[in-house]
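Hello,

Here is the structure I promised to pass on to you. Have a look at it first, and then read on for what turned up in it.

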Amino acid sequence: MTVHDVRSRHGDSKRGDASDGAILAEAVGGRLSRVDGPAKITGAAKYAVEQQFEGLSHAILVESTIAAGKVRSIDTAAAQASPGVLLVLTPDNALRLNTATDWLGTPPPDIPYCPLARDITFNGQHVAAVVAESFEQAVAAAALVKVAYDETPAIVDLDDPNAGDGIPVDTMTKEWGDAQAAFAAAPVRICAAYNTPREYQAPMEPHGLIAHWQGERLTVWEPSQWLDGMARTYAEWFGVPFENVRLVSPYIGGGFGSKAFAYGYGAVAAMAARMLGRPVKLAVTRPQTFTAYGGRAATRQTVALGADAEGRIQSIVHRGVNETSVDGMWVEPLGSVTSIMYATPNFSSRQNVVRVNTVVPGALRAPGENPSAFGIESAIDELAYEVGIDPLEIRLRNYAEQDPEAKKPWSTRQLREAFATGAEAFGWSKRAPEPRSMRDGDQLIGWGIAAGTYPVRRAYGEAMVRILADGSVEVESSSIDMGQGTYTILAQTAAEVVGVPAENVVVKLGDSRYARAGVTGGSRLAGVMTGAVHKAATAALDQLVGLAISDPNSPFHALQANTLVVANGRIASPRGDGPEVSIAELLDSVGRSQIEAMGDTMPANSTADDRYKNYTTIATALSHTEGDYSRHSWCAHFIEVRVDEDFGTVRVSRVVSALDSGRLYNPKLAESQWKGGIIMGIGQALLEEGIVDRRHGRIVNNNLADYLIATNADIPDIEVISVGIPDPHSSALGGKGVGELGIVGVAPAIANAVFHATGKRVRDLPITLEKLI
Ligand code: MCN
Ligand code: MOS
């Protein structure tokens, strides 16, 4: 199966738009266009659930219509009798599965796992499933399943009067100095509460899978941010060896954190496939994408800042709460930006989680940092107005010269440069300081600023690189590309190291049979995989050069290795006066059909178990403050809004962001990633909000017509400027994370701009017109 082999020989991608002057588009750091772009645009790219199989059957989930209680009975008779129905799955006939290890690698309790519930803890929980010959037959039959419930009272969300204060999460407590006393003694004090609602990843491609058993072997075609982690989960559920499960995820139509794990619907499909002895396809419907896995948890934060009369922070007291589910634990680290963005001698941050009747929330682009920044970056803006100094100036006045929490130097922090460069490009110095002082007819104009950050998450990686007989290079990894550019940057890395044109590199991703890979989350994959491919490609090149000088049939026999140059697919001895042949000719002359090198960046003494853990859990991930440095990406957003004075509608009219992600492997793609994050941030600021029906705990706007995300008409020109410098402490090639950085700080920059435009401080996202009246 080669549908997911992406060759960089497409259209004019070779040329990219090589505006970076000296850097070739094809080398690391060049602006090569996405090598998977043409396949996606022409429809040639086949996504996981588009695979066709003989005997494919179709499953549809039946979900609870109450938020809390018990299933009294399930009447499946009508569904069973419906045309084409092969199986109606309920907790009564479900296979007994094992509980799987969690992503931290915690050994699982020895209790059975059933993906279909009798005890209902949220509206939209899977209670049954119908499998039929055709999709339509399954849909029709699923509507005939009659579930009776004994309903009990639910706590629908954080605003529920019965929600309570929740459970303290001790690991989130951060304290230094005496924050309460310093706050009480500070000459200037502000304290306010900031809320963010439930938000959803809303990827274009809904979740789903095709599960196919052949004996004791399971193949799962499923969009995945973590093939090896999900393969482990399926293997543990069904009690088969890890090696027996193959995950295939050639392309992914967006994940944003929601496709890293195997979820209950996957267990349902794999179970049905096993019971029927036929491949089963289960595609989650759009409404089910709001309950089959979790979006961003709703959060509440209180930020208290005590400062001197010049706006120098003396104390930060931060309290946060996020919702979690009744039987699962999700902690959205709300103090993550609060504790590092500004220098303060006194600090206290604590967090609780509150159990409500919802699906367990999950990761959504920059979980933690995103809502955390909304709190602290709004609060410091409030402090700026309170003290009467410019919002940019107050950030510089409180600039953290080192990590205030870890008390370690930053590996690199180009945030001052980001402020300066962004301010210059935006024209910040022309800002009139008073709120409501800039307007254009009926439009109040506001300029706001906020900073953002995301930690550099590091892990070990593995890659296979082959130099093939035709001189082309093949890269294999079970990592993935969900649109961020992995195919492209790995082609660039291998091309540069081996010395071939990028169009001669085939990158194969998205199959767990390839060299293993850890999770694509926390903006770590690019750094991890460029490092692993660089290592493997270097080993492959060393072998090639070794053959060239050692094989008697080689034209370079007996030359010194360091006198050979491999470039553009050809090997030459130094000054152009010696032999020169193509890689293919060399391999032919020495009688080799290929060269193969596996490279990994694991510590040398790693055991097989360490390796398994590294790729199937996050237990071996390296802390961003490990060793001598604290490593983060940084950014500053400058945003202009226009608020209609009569209607209170807010439009973002200009965005300039300056960002530090260290060295960029491909500036064109990094810019696109940053812009994507900023666009999601605009949606978060102005549109996104999961609305809960207070009677039934149901998400009312569980579709893309009612759950509003930013569309083209909402988005102005966005200018992104890279201010990063290579950071050798963050990754092998000097890059820091890109994927999530852009979304951090956008919502507070917009809220701050709205305040500047209107004089009205909105501390509760999204900023909708009724909040401005
Ligand atoms: N890059 C670069 N230079 C660097 C780092 C990265 O040029 N120093 C570019 C590369 O093109 C790389 C991309 O940025 O492929 C993202 O790299 P990285 O920051 O390492 O992030 P990951 O590859 O780990 O991707 C995951 C990240 C996360 S966690 C979410 S959430 C997210 C995101 O990426 N989801 C996305 N970006 C997304 N983009 C798309 N289109 N769809 C999603 O679901
Ligand atoms: Mo990203 S939310 O870490 O997948």
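**Helix α13 and its neighbours**

The buried residues of α13 pack against three elements: α5, β22 (462-468) and β28 (594-600). Helix α13 itself covers residues 608-616, and its buried residues are Arg-611, Asn-614, Tyr-615 and Thr-616. Please keep in mind throughout that this is a predicted model.

One of those neighbours, helix α5, spans residues 227-238 and holds Ala-235. Is Ala-235 buried or exposed? Its relative accessible area is 3%, and because buried means under 20%, Ala-235 counts as buried. Leaving aside residues up to four places away in sequence, Ala-235 touches Val-240, Pro-241, Phe-242 and Val-245. For a sense of distance, Ala-235 and Arg-663 are 428 residues apart in sequence, and their C-alpha atoms are 38 Å apart in space.

**The chain as a whole**

You will find 15 helices and 33 strands in the chain. The radius of gyration is 27 Å, which agrees with the value near 28 Å for a compact globule of 773 residues. Along the principal axes, the C-alpha trace spans about 80 × 70 × 50 Å. Buried residues account for 61% of the 773 in the chain. If you take the contacts between residues at least 6 apart in sequence, 80% of them join residues at least 24 apart.

The accessible surface is about 28400 Å², and carbon and sulfur atoms contribute 52% of that. As for charges, the chain has 69 positive and 89 negative ones, and the mean positions of the two sets are 1 Å apart.

**Strands worth a look**

Strand β14 (residues 217-221) is a good place to start, with four of its five residues buried. On one hand, β14 runs antiparallel to β13 (residues 208-214), and five bridges join the two. Trp-213 has Leu-218 in β14 as its bridge partner. The two strands form a hairpin with two residues between them, and Gly-215 in the turn has a positive phi of about 65°. On the other hand, β14 pairs in the parallel sense with β15 (residues 245-248) over four bridges. There, Trp-221 has Val-248 in β15 as its bridge partner.

Further along, there is an open sheet of five strands with mixed pairing, in the order β20-β21-β29-β30-β33. Its edge strands, β20 (439-440) and β33 (718-722), each pair on one side only. Within this sheet, β29 (residues 632-644) and β30 (residues 650-660) run antiparallel and are joined by ten bridges. Cys-635, for instance, has Leu-659 in β30 as its bridge partner.

**A few backbone details**

Most residues other than glycine have a negative phi, and most peptide bonds are trans. Where does this model depart from that?

- Ser-523 has a positive phi, near 50°. It sits in the loop between β24 (505-508) and α11 (525-550), and is partly exposed at 22% relative accessible area.
- Ala-558 also has a positive phi, near 75°. Its place is the loop between α11 and β25 (565-567), and at 60% relative accessibility it counts as exposed.
- Leu-765 and Pro-766 are joined by a cis peptide bond, with omega about -5°. Pro-766 is in the segment after α15 (746-758).

Enjoy exploring it, and do write back with any questions.

Best wishes

Definitions and conventions. Residues are numbered from 1 along each chain as its sequence is written. Chains are lettered from A and ligands numbered from 1 in the order in which they are written. This is a predicted model: local features need pLDDT of at least 70, side-chain atom pairs count only at pLDDT 80 or more; totals for chains, interfaces and linings use all residues. Side-chain values use heavy atoms; hydrogens and water are left out. Buried means under 20% relative accessible area, exposed over 50%, partly exposed in between (1.4 Å probe, protein chains only). Contact means heavy atoms within 4.5 Å. The radius of gyration is taken over C-alpha atoms; the globule rule is 2.2 Å times the number of residues to the power 0.38. Accessible areas come from the Shrake-Rupley method with a 1.4 Å probe; for residues, only the protein chains shown count as cover. Lys and Arg count as positive and Asp and Glu as negative; His and the chain ends are not counted. The place of a charge is taken as NZ of Lys, CZ of Arg, CG of Asp or CD of Glu. Two strands pair if DSSP finds at least two bridges between them.
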